[in-house]
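Please open the model in your viewer and keep the sequence beside it, since this tour moves from one selection to the next and describes what is found at each stop.

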Amino acid sequence: MAAVHLRIGDLVWGKLGRYPPWPGKIVSPPKDLKKPRGKKCHFVKFFGTEDHAWIKVEQLKPYHAHKEEMIKINKGKRFQQAVDAVEDYLKKAKGKDQNSDGKGDSKGKKTSNKPLKILEEDDEDLSALKDPSEKDLTDSDPEPSAIERLGAGPGSGFKWESSPVKDDPHFHHFLLSQSEKPASSMEPISKRLKIIEEVTGSTSIQAADSTAINGSITPTDKRIGFLGLGLMGSGIVSNLLKMGHVVTVWNRTAEKCDLFIQEGARLGRTPAEVASMCDITFSCVSDPKAARDLVLGPSGVLQGIRPGKCYIEMSTVDPETITELSQVITSRGGRFLEAPVAGSQQLSNDGMLVILAAGDRTVYEDCSSCFQAMGKTSFFLGEAGNAARMMLILNMVQGSFMATIAEGLTLAQATGQSQQTFLDILCQGQMASTFVDQKCQNILQGNFKPDYYLKHIQKDLRLAISMGDMANHPTPMAAAANEVYKRAKALDQSDNDISAVYRAYIH
């Protein structure tokens, strides 16, 4: 089979991991973006999206030679829009070629007779990508010779490399999200897929509705179970159902299942029954005791675990609890993954959570479509317990920060300063964020409807402090914040939002 030679400007079909081929164009990467180690690859800009990626040479095919083949196997609406964008691009490129009459333009563009540079591993003279706010790709047209070569390029008998991304631990994929570009009102905000494998072995998969790849998520054919329909679990289950997953639900308060049954979910009578009926069972409950009881208690998950069954603990708990649950699940032949989530009720409803996973890597991969449905990003952090540690650290920082913001608001009031002006100034500086603005506005309006329970952030602070003790690492800021939250709990704020810590300063 003849080798396929590609270079900058060529139109191609690029295949990323287990996702279907997508039309794109080989372009120069940004100067500060290092080329992945290992196999030769090209930097591809995909049509119909704002995504770019390093793609291995063996995962690229010439566009024209394989157009009919690709159109037959992919009928998605977004895919067709991407193909239409390629055809529009080719028409414009052809028009420019005819207008130039084969000569270089007045701006000194390279002519078709001058060979284009092929990127090698040690290339340093790399031109930057276009401004992401530009409307389309026409200003970076390939040379006419490159377009002509696409139709005649070798391709017969060309087959995609079948090995998944996980088999190539030294290869990095990057999808560069152009977040600065305003989204069209007619276009859904696509959640990006990004796989980054670091020296530490940790991996992130940033994704969700896959509009950047295939128009929609392809739900796994595995049966999904979900235990716990609280603030976070409810949004997660809703998004799993919306994206076409088959979901069986259970909740300690059975009435909470009714809404999801109406949306198409199935009902499990006990955690054991759910685990027995489903291939993958998720759990999202309030604390370590609840997580243990769900697995080890009467009619618990452990009674339904069989060899090959997967159990994913999404609750924010301590690493010791994760270790215990992992051991008992695997002792029955089950497969275990922890996957706590960073976010709030609103982010859960929007499918924009950040998922931190650790444990069985194959389970993480099996859950790909589920994680895409519920979150904007997921990270694989290695062995079981690492995700719990990272989650506690994140929530320790968030809880301490919220307590500090509340302290600032009350000090402003105590010293005769306008709280609204304090907030306005804060939101114009380096600390500006949606989190700060929303929480402060809620405080000023006296709105403490829970988006993340105060009692849960206090629990996380307590567990983080304990983790610091075990590591002989000081956590004085977290300890001080924890005392303020304990005070707020004593004022009956447990079931309010974390921003209700404000009330600990005014009583």
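**First stop: a salt bridge between two loops**

Select Arg223 and Asp279, whose side chains meet in a salt bridge with 3.3 Å from N to O, a salt bridge being a side-chain nitrogen of Lys or Arg within 4 Å of a carboxyl oxygen of Asp or Glu. This pair links distant parts of the chain, 56 residues apart, with Arg223 in the loop between β7 (203–205) and β8 (224–227) and Asp279 in the loop between α6 (271–277) and β11 (280–283). The helices (H or I, at least four residues) and strands (E, at least two) are DSSP runs, numbered from the N terminus. Arg223 is partly exposed at a relative accessible area of 39%, and Asp279 is partly exposed as well, at 23%; here buried means under 20% relative accessible area, exposed over 50%, and partly exposed in between, with a 1.4 Å probe and protein chains only.

Before going on, note that this is a predicted model, in which local features need pLDDT of at least 70 and side-chain atom pairs count only at pLDDT 80 or more, while totals for chains, interfaces and linings use all residues. Residues are numbered from 1 along each chain as its sequence is written, and side-chain values use heavy atoms, with hydrogens and water left out.

**Second stop: strand β12 and its neighbours**

Now select strand β12, residues 310–313, and look at its two faces: Cys310 and Ile312 on one side, and Tyr311 and Glu313 on the other, are all buried. In a regular strand the side chains alternate between the two faces of the sheet.

Add β11 to the selection, and you will find that β11 and β12 run parallel and are joined by four bridges, where two strands count as paired if DSSP finds at least two bridges between them. Phe282 stands opposite Ile312 in β12. Following the chain from β11, you pass through helix α7 (residues 288–296) to reach β12, in a β-α-β crossover that is right-handed; this term means that, with the strands pointing away from the viewer, the path from the first strand over the helix to the second runs clockwise.

Next add β13, which pairs with β12 in the parallel sense over four bridges, and in which Arg335 is the bridge partner of Cys310. From β12 the chain crosses through helix α8 (residues 319–331) to β13, and this β-α-β crossover is right-handed.

**Third stop: from Arg335 to helix α10**

Keep Arg335 selected and add Asp360, with which Arg335 forms a salt bridge whose closest N and O atoms are 3.9 Å apart. Asp360 lies in the loop between β15 (353–359) and α10 (361–366) and Arg335 in strand β13 (residues 335–338), so the bridge ties together parts that are 25 residues apart in sequence. Asp360 is partly exposed, at 24% relative accessibility.

Then move to Arg361 and Glu365, another salt bridge, with the closest N and O atoms 3.4 Å apart. These two residues are four apart in helix α10 and are thus separated by about one helical turn. Which of them is buried and which partly exposed? Arg361 is partly exposed at 22%, whereas Glu365 is buried at 12%. Salt bridges that share partners also join Arg335, Asp360 and Asp366 into one network, and the count of salt bridges comes to 13.

**Last stop: the cysteines**

Return to Cys310, which is buried at 3% relative accessible area. Why does Cys310 form no bond with Cys367? The sulfur of Cys310 is 6.5 Å from that of Cys367, its closest cysteine sulfur, which is too far for a bond, since a disulfide is a pair of cysteine sulfur atoms within 2.5 Å. By this rule the count of disulfides is zero.
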